[in-house]
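I opened a new notebook page for this one. My plan was to look up one part at a time and write down what I found.

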Amino acid sequence: MTGHEITFEPDDPYHAFLTTCPRAPHGDGKLGGIAVAVKDNISTKGIETTCASKILKGYIPPYDAHVVELLRQSGAAIVGKTNMDEFGMGTTTENSAFGPTLNPYDTGRVPGGSSGGSAAAIAGGMVRMALGTDTGGSIRCPAAFCGIVGLKPTYGRVSRYGLIAYANSLEQIGPMGRTVTDVSALLEVIAGHDRRDSTSYDKPYSPAPRADISGLKIGIPQEYFGAGVDPQVAAVVTRAIGRLEECGATTVPCTIPSMEYALAAYYVTCTCEASSNLARFDGVRYGPAADTKKSWHEAYREVRQASFGTEVRRRIMLGTYALSSGYYGKYYAKAQIARENVKRDFTRIFSEVDVIAGPTMPTIAFKLREKSDPLSMYLSDILTVPANLAGIPALSVPCGKAGGMPVGLQIMGRPWEDERVIDVAYAYEQAVS
Amino acid sequence: MATEQEVRHIAELADVGINPEELGTFTHQFNAILDYFDVLDRVSGDTAVTRDLYNVMRDDIVKPSLPQKDVLANAPAQEDGFIKAPRVM
């Protein structure tokens, strides 16, 4: 640190931030003096971190997440913590205990989720880049809905140390930004090995996006353009893929048969992991005080019922049910086989093509309160969850509009080929700019 | 199908509580999701999941931990440098 600071006092008409740092210190370096927003489930020493949950209201982390340490070392100014669906559980940011974030393109619509605050902060012009997290599409969905770029890196590329866990085997921290170049610059800072995350891999990232994609083979899965996908969205994405062909790429049709049960496998896995992870919120070490005069279960239940939102309680219950004696084989064990089948489908396709492309989301951003039924909300994650199940890199880049709202082109790549995914997005961005 | 009684039981096991007035809706939505999960009955494949992953070991070396003051800073109830919890017995 060299004693600089920037002033950050935005109006925030979209409620992108839960906490702002009006005087944000920064140093010199690759991101020296650049305002970066951080999703509120990533620990920031001395800055309140709530996961948009009442159960963590007032919680001040005593340490930084690994990615936050790296941001500070790079000279970035951490200007605030962004709104999200409580603990990352949602597709709209409406599940925040502190009120929804609005989509800067149309304030009657959601920004997507769960990293909706990070996406709105960028789309609304408040910051150039932000960190999000992606468990089943939580970076890519809001990137698509808000017309920005977002990358879910290969599982293991970025340390999860200090990320408040929801579903460990699926989630990754990733960069979001206005342009592919910004996303690439932010990935360079956060990628690499960290001994405190046992799934972290020693694979640093050096940014050098190349727009030359001649000879590239792109797989086009029929499931990404079939039933449930808005034809207007599909048309915009098909045109975008046409632009990539004009840049020298060729397309190859393919199928991902495991898509039939990928979404169910995802929701079983994430709710099971959540039921275990969220057991730590007990109002004892942090959070609203449990009544120490009452018995353990009574005190514990009171705090959790009062402080967890409905969707969080639903997912904890679904996971508890799916892992309970007699149901484990029907749900969790089957979900793991399904997950393996998803992975195999990708391995097979990637033996013939370099990347896979399709829409990020099946529709444009929903209207606020449009999706009130939990299952119909879950179904909108169908195109993003396969990448999390397989652990592969996946990026959303804006590719036009449908009904006046942004549409995202999703590009998925082989494990550890985040570079190639970024190159393809960069080529597209250069071709249309 | 999960009955209202089972849903109440699950809420109890998970220590998240459930109000009588939300039990009906919760059960209905819970069952819609479980019905959807039934698609997993169609999954076939090996039961043994193989992964191209390997264990990464390191030496167990003691490193400095957080000072007690920092660890206690967020605890809502404390006594004599300890975190106070509800009674277990």
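**Entry 1: helix α4**

I began with helix α4(A) and listed its buried residues: Val180(A), Asp182(A), Val183(A), Ser184(A), Ala185(A), Leu186(A), Leu187(A), Val189(A) and Ile190(A). The model is predicted, so I keep in mind that local features need pLDDT of at least 70. Helix α4(A) spans residues 180-190. Nine of its eleven residues are buried, so the rest of the structure largely encloses this helix.

What covers the buried residues of α4(A)? I found helices α1 (66-73) and α12 (418-432) of chain A among the covering elements. Strands β6 (129-134), β7 (149-152), β8 (172-177) and β12 (394-402) of chain A are also included. I then looked just past the helix. Gly192(A) follows α4(A), and its phi is positive, near 130 degrees.

**Entry 2: strand β7**

Next I took β7(A), one of the elements that cover α4(A). Which way do its residues point? Val149(A) and Leu151(A) point one way from the strand. Gly150(A) and Lys152(A) point the other way. All four are buried, and I noted that this includes the lysine.

I checked the partners of β7(A) too. Two bridges join β7(A) to β8(A), and the two strands run antiparallel. Here Val149(A) has Gly177(A) as its bridge partner. Three bridges join β7(A) to β12(A), again antiparallel. There Lys152(A) is paired with Ala394(A).

**Entry 3: the nonpolar cores**

I went on to the cores. The largest nonpolar core has 151 residues. Val36(A) and Ala425(A) have the most contacts inside this core. Helix α6(A) gives the most to it, with eleven residues.

I followed Ala425(A) further. Which residues does Ala425(A) contact, leaving aside neighbours within four places in sequence? They are Val149(A), Val180(A), Leu395(A), Val397(A) and Ile411(A). I had met two of these before: Val149(A) in β7(A) and Val180(A) in α4(A).

Apart from the largest core lies another, of five residues. Val284(A), Ala299(A), Tyr300(A) and Val303(A) are among them.

**Entry 4: a β-α-β unit**

I looked up a parallel pair. Strands β9 (residues 217-221) and β10 (residues 250-254) of chain A run parallel, joined by five bridges. Gly219(A) stands opposite Val252(A) of β10(A). Helix α5 (residues 231-246) of chain A completes a β-α-β unit with β9(A) and β10(A), and the unit is right-handed.

**Entry 5: chain A as a whole**

I stepped back to the full chain. Chain A has twelve helices and 13 strands. Of its 433 residues, 61% count as buried. A compact globule with 433 residues would have a radius of gyration near 22 Å, and chain A agrees with this at 20 Å. Along the principal axes, its C-alpha atoms fill a box of roughly 70 × 60 × 45 Å.

I also checked contacts with a separation of 6 or more in chain A. Residues 24 or more positions apart account for 74% of them.

**Entry 6: where chain A meets chain B**

My last stop was the interface. How many residues of chain A are in contact with chain B? I noted 48 of chain A, against 37 of chain B. Helices α6 (259-277), α7 (296-307), α8 (310-323), α9 (329-350) and α10 (374-379) of chain A each supply at least two residues of the side that touches chain B. Helix α9(A) gives the most, with nine residues. By class, this side of chain A has 28 nonpolar, ten polar and ten charged residues.

Definitions and conventions
Residues numbered from 1 in each chain as written. Chains lettered and ligands numbered in written order. Predicted model: local features only at pLDDT ≥ 70, side-chain atom pairs only at ≥ 80, totals over all residues. Pairing = 2+ DSSP bridges. Right-handed = clockwise from strand over helix to strand, strands pointing away. Contact = placed C-beta atoms within 7 Å. Nonpolar A, V, L, I, M, F, W, Y, C, P; charged D, E, K, R; others polar. Rg over C-alpha atoms; globule rule 2.2 N^0.38 Å. Buried ≥ 20, exposed ≤ 12 C-beta atoms within 10 Å, placed from the backbone. Core = buried A, V, L, I, M, F, W, Y, C linked by C-beta atoms within 7 Å.
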